[in-house]
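Good morning, colleagues. I should like to walk you through one strand and its neighbours, and then through one residue in a loop. Please have the sequence and the model before you.

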Amino acid sequence: METTAHSFSIFGSFHRFISVTLVLTLGFLGRCVVPMPVPTDVPICTSSETAQYSLTFTGRWTQAAFPKQYPVYRPPAQWSNLIGVTHSSDYHMWRNNEFASNGVREFTEKGEAWTLMKEVEEASERIQSIYSVFSAPAVVSSTGQMSTEFEAFARHSYVSFIVRIVPSPDWFVGMDSVNLCAGEQWKDSVSLELFPYDAGTDSGFTFSSPNFETIPQDKVTQITSSAPSHPANSFYYPRLKHLPPIAKVTLTKIKKTNQIISLPLEATQSNLLPSDNEIEENHIHTPLDCEVSVWSPWGLCKGKCGDSGVQHRTRYVLMHPANNGAACPLLEVEKKCVPDNCL
């Protein structure tokens, strides 16, 4: 029970950090919970020591890389707070091609974490799958950084987290069950590029779409340059084979000293400007082609009686080009006609 008690000590610190009070009874801490058997089809970490990691999340959501409908106000492009856990292989906070939980739904649609935290608590109580819970503060810049620290244990060597894309219907980025341990060794560092996901609970196509519940609920899916294939989708770039990464996360193992390693009462966190290297990596310019409406009906035929007349039709710009994308075509054309109602 020592591991379980330690896990919930960390869990309590996280609750103090985000000012959310979840009551853990003394009766639960006192009773014995039988752990679930460890799956035999996944790698087993055999390290006898815990490991402490620093996590740095860097946004790459620039207007140059994602010019289509880029949010510039009410609110501007930004990131929610990060919520993460270290856990065993039998737990998933979220998973591609599976249905999102109610907690993930509320977090990705509204940024509310209460139900998600209750789900984490229940998983800890039911199968002892959670070792530590951590968070990092929201970033009010699309290219800002946030960082935090967390601890992992051999039985709970996996890490998962989620960050909401703000604004969006139910879109997010995150990490699902990345193993930080290989045999007896903890990995020194892990770095991943992140791409947007759709939680499958809201049917909005654009960053600023109003709430439109998906009935029945869809599964979590990765958003690509061609899927969803609707031209109105904010991530729809049919000229691209792949979307550029919208964010990046780096996990770095903290080297131990002779002192005893312990988690701080509150997670280390910061909103930092990107480093010079990160700024260079943000120099991605995605071409955005001009998009125009359908043609209007032909107008009245204007002209003198006995002569040929002229009539016009028009269309308007839906999306102006950017980053050397295709220029807009003609917005007005005319053709000869016979004047109507000529006496």
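Strand β5, residues 158-166, is mostly covered: nine of its nine residues are buried. I should say at once that this is a predicted model.

Which residues point one way from β5, and which the other way? Y158, S160, I162, R164 and V166 point one way, while V159, F161, V163 and I165 point the other way. The residues of both sets are buried, R164 and S160 included.

Let us now consider the partners of this strand. β5 pairs with strand β2, residues 78-87, in the antiparallel sense, over eight bridges. Within that pairing, V159 of β5 has T86 opposite it. β5 also pairs with strand β6, residues 171-179, again in the antiparallel sense, here over six bridges. The bridge partner of F161 in β6 is M175. How many residues lie between β5 and β6 in their hairpin? There are four.

I turn finally to the loop residue, T286. This residue is placed in the loop between α5, residues 276-281, and β14, residues 291-292. Is T286 buried or exposed? Its relative accessible area is 3%, and the cut-off for a buried residue is under 20%, so T286 counts as buried.

What does T286 touch, leaving aside residues up to four places away in sequence? Its contacts are A64, A65 and P67, then Y237, L240 and P244, and lastly A322 and N323. In the model, therefore, T286 is a loop residue that is buried.

How values were computed
Residues are numbered from 1 along each chain as its sequence is written. This is a predicted model: local features need pLDDT of at least 70, side-chain atom pairs count only at pLDDT 80 or more; totals for chains, interfaces and linings use all residues. Side-chain values use heavy atoms; hydrogens and water are left out. Helices (H or I, at least four residues) and strands (E, at least two) are DSSP runs, numbered from the N terminus. Buried means under 20% relative accessible area, exposed over 50%, partly exposed in between (1.4 Å probe, protein chains only). Contact means heavy atoms within 4.5 Å. Two strands pair if DSSP finds at least two bridges between them.
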